[in-house]
Structures are given as C-alpha cells and as structure tokens.
Amino acid sequence: MKVHRVRCFGATPDAGNVADVIEDGPASVADRLAFADASGAPACVFIDGAGPWEADFYYPHARSPLCLHATLAAAHVLCQRHGGPVTLKSAMRGQMMELTQEVAGTFARVRKQAVAPIGIEPGLPAFLLGEPGLRLASPPLLSSVGSTKLLIEVPDRASLHALTPPLGRIVDWGKEQGVGGCYVYCRVGDSEFEGRNFNHLDPAREDAATGVAAGALCAWLERDIVVHQGAHLGNPCTLLARIDGQAVLVGGATVAQDGQRPGAADAPPHAPAGPR
C-alpha cells in the first residue's frame with residue numbers, strides 16, 4: 001500500500017487542506033472508512049484501476065460522492081507520474097473528471113449537477129445555523145458540481161466568523177435531504193468571496209478549503225471567482241473556480257507534504273495509517 005499526503009489550495013507553501021491518496025489499499029467500504037477515520041487527514045481518496053482511474057472518497061465520518069480537495073491531491077500524484085491531462089471517475093456516481101496541472105495550479109474539470117427539488121423555507125438557514133436573528137445577503141439555494149451544498153450568503157466577515165452552529169442539526173438535516181452540509185459565505189470583492197463549510201460533527205474538523213462548495217458557487221454565479229477560506233483556522237487557503245464552457249474548473253496550489261508516508265508501503269492492506 002502506498003499513501004501520499006498532499007496539501008491542497010494553500011495560500012502559502014505550508015498551508016492547505018490535507019488529503020491522503022491511497023494506492024493498493026483496503027478494498028471494502030468498512031475498511032476504507034476505518035482507515036480514513038484513523039488517518040488524521042480531513043479526507044482520503046482510494047485510487048483503483050488505471051486510465052481512467054476510479055476514485056473512492058472518504059471523510060473520517062462518512063463515504064462521499066465527491067471531495068474536490070482529495071481529487072486535486074490525486075491529480076497531483078497522477079499528473080506528476082503520468083503527465084496530463086488525466087481522467088478520474090468517482091466510485092459512487094461514476095462522475096468523470098479531467099485533471100490537469102498548469103502554472104496557476106492543479107485543476108479538476110467538473111460539470112454542474114442536477115439538484116433534487118428540496119424546499120428551502122425562509123427560516124431554514126437560521127434554524128440550521130442556530131442564529132434566530134440571522135441576516136442574509138441573498139436567498140439561500142442548493143447547487144452542486146458532484147456533492148450538493150446549501151449555499152448561505154451572509155452580509156460580512158464579522159457575521160461569518162461569529163457562527164458557532166449546532167453541527168448535529170446540520171448533519172442530521174443533510175442526511176435526510178441528501179445534502180453535504182452548509183456553505184456559508186460573504187462577498188469580499190467583486191468576484192472574491194470568503195466561506196466556511198459546516199458538515200462535520202466535530203468543530204475541530206472544520207474544512208480549511210471546500211472545493212465542491214467553490215465549484216457550486218461558481219456554477220450558480222456563472223462567472224470566474226476566487227474563494228478564501230481557512231484563515232480564521234490559521235490555515236489560509238485560496239480556491240480558484242472558473243467557467244469552462246458548460247463545465248467548471250476548480251483548483252489551486254498542490255504540494256506533496258511527505259511524499260510517500262514512512263512505513264505506508266509495508267503496511268498490511270487493512271491497517272490504518274496511524275493515530276489521529
């Protein structure tokens with residue numbers, strides 16, 4: 001088994017959202033979920049096959065149809081080895097993605113996905129975020145480039161940073177509706193935004209960068225955007241999302257943190273990478 005750890009979307013070389021890319025790893029969903037929970041990484045992607053490769057995505061608490069920062073981590077590994085572009089197929093939904101590396105960073109080309117018709121009541125964002133007096137800058141909406149997000153725009157950074165939502169409420173609602181959590185954001189420039197993602201039960205696991213949310217926001221706005229995330233966590237990230245015909249390119253910086261992690265190649269297929 002080979003495990004590669006990659007930092008994605010970092011605004012500086014030592015920042016970024018970490019993902020582990022696993023080759024020749026455990027095969028079952030249960031073993032992969034156990035590996036992801038023990039890895040200490042916010043996300044893991046298991047790579048199977050070759051040309052196109054199949055990507056199976058896991059957070060520590062759940063399997064996911066798509067995680068774009070883990071996709072970029074896989075792109076970093078595969079493009080460095082094989083050149084680009086590289087085609088990747090998601091394991092859960094068969095979503096095809098073209099991966100490339102360029103001067104601006106590593107990118108995944110994804111398409112806007114159909115969203116189930118879920119009614120969004122006016123008071124739903126305030127309920128989910130535990131903010132009875134919540135002020136919104138625009139109506140909330142659902143958008144997806146592979147994993148649906150409830151996009152909630154608040155007026156400013158102060159409102160964004162002050163949020164301490166009841167995470168269990170968001171997770172329960174998301175499971176009921178098939179939505180991958182809430183992405184709360186504010187405008188900080190004409191085409192620049194800052195955001196926070198809420199889809200974990202543990203506040204310590206808050207994402208430093210959420211590529212599927214940046215892609216979903218870009219798809220809805222139908223224009224190129226820059227999204228900032230993670231600075232309040234001490235891990236500043238910059239996500240680039242741009243319209244590419246009928247698709248969206250989502251990307252940013254990728255940096256191999258450790259190369260192949262020590263000892264990973266000799267670990268048995270079912271073994272976790274190590275304690276959190």
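Here are some notes on the aromatic pairs, two helices, the cysteines and the nonpolar cores of this structure.

1. Before anything else, keep in mind that this is a predicted model. Everything below is computed from its atoms, with side-chain atom pairs counted only at pLDDT 80 or more.

2. Let's start with the rings. The count of aromatic pairs comes to three. Phe46 and Tyr58 make an edge-to-face pair, because their planes stand at 90 degrees with the ring centres 5.5 Å apart. This pair ties together distant parts of the chain: Phe46 belongs to strand S3 (residues 43-48) and Tyr58 to strand S4 (residues 53-58), 12 residues apart. Phe46 has 0% relative accessibility, so it counts as buried. Tyr58 is at 1% and is therefore buried as well.

3. Tyr185 and Phe193 also pair up edge-to-face, with 5.9 Å from centre to centre and 70 degrees between the planes. Are these two residues buried or exposed? Both Tyr185 and Phe193 are buried. Back at the strands, Phe35 joins Phe46 and Tyr58 in a cluster linked by ring pairs.

4. Two arginines are worth a look if you care about charges over rings. Arg169 places its charged end over the ring of Phe127, at 4.3 Å from the ring centre. Arg242 does likewise with Phe107, where the charged end is 4.4 Å from the centre of the ring.

5. On to helix H2 (residues 68-82). How does its span check out? With 15 residues at 1.5 Å a residue, H2 should span 21 Å, and the end C-alpha atoms are 20 Å apart, so the two values agree. The helix is also largely enclosed by the rest of the structure, because 12 of its 15 residues are buried. The buried set includes Leu68, His69, Leu72, His76, Leu78 and Cys79. Right after H2 comes Gly83, with a positive phi near 80 degrees.

6. His76 is a residue of H2, and at 12% relative accessibility it counts as buried. If you skip neighbours within four places in sequence, the contacts of His76 are Val6, Gln101, Thr106, Thr254, Val255 and Ala256.

7. Cys79 sits in H2 too, and its 7% relative accessibility makes it buried. Leaving out residues up to four places away in sequence, Cys79 touches Gly84, Val86, Leu99, Thr100 and Gln101. For a sense of distance, the C-alpha atoms of Cys79 and Ala15 are separated by 21 Å, with their positions 64 residues apart along the chain.

8. How many disulfides does the structure hold? The answer is zero. For Cys8, the closest cysteine sulfur is that of Cys67, and 8.4 Å is too far for a bond. Cys79 has Cys8 as the closest cysteine by sulfur position, but at 12 Å that is too far for a bond as well. Cys8 itself is buried, with a relative accessible area of 0%.

9. Now the nonpolar cores. The largest has 51 residues, and Leu68 and Leu88 have the most contacts inside it. Which element gives the most to this core? That would be H2, with nine residues. With neighbours within four places in sequence set aside, Leu88 is in contact with Ile47, Trp53, Ala55, Thr71, Ala74, Leu78, Gln95, Met96, Met97 and Leu99. There is also a second, separate core of 18 residues, and among its members are Leu129, Leu160, Leu167 and Val179.

10. Last, helix H6 (residues 211-221), which is mostly covered, with 10 of its 11 residues buried. Among the buried ones are Gly211, Val212, Gly215, Leu217, Cys218 and Leu221. Just past the end of H6, Glu222 has a positive phi of about 60 degrees.

Key
Residues are numbered from 1 along each chain as its sequence is written. Side-chain values use heavy atoms; hydrogens and water are left out. Rings of Phe, Tyr and Trp (its six-membered ring) pair if their centres lie within 6.5 Å; planes under 30 degrees apart count as stacked, over 60 as edge-to-face and the rest as tilted. Helices (H or I, at least four residues) and strands (E, at least two) are DSSP runs, numbered from the N terminus. Buried means under 20% relative accessible area, exposed over 50%, partly exposed in between (1.4 Å probe, protein chains only). A charge sits over a ring if NZ of Lys or CZ of Arg is within 6 Å of the ring centre and within 35 degrees of the ring normal. The expected span of a helix is 1.5 Å times one less than its number of residues. Contact means heavy atoms within 4.5 Å. A disulfide is a pair of cysteine sulfur atoms within 2.5 Å. A nonpolar core is a set of buried Ala, Val, Leu, Ile, Met, Phe, Trp, Tyr and Cys residues joined through side-chain atoms within 4.5 Å.
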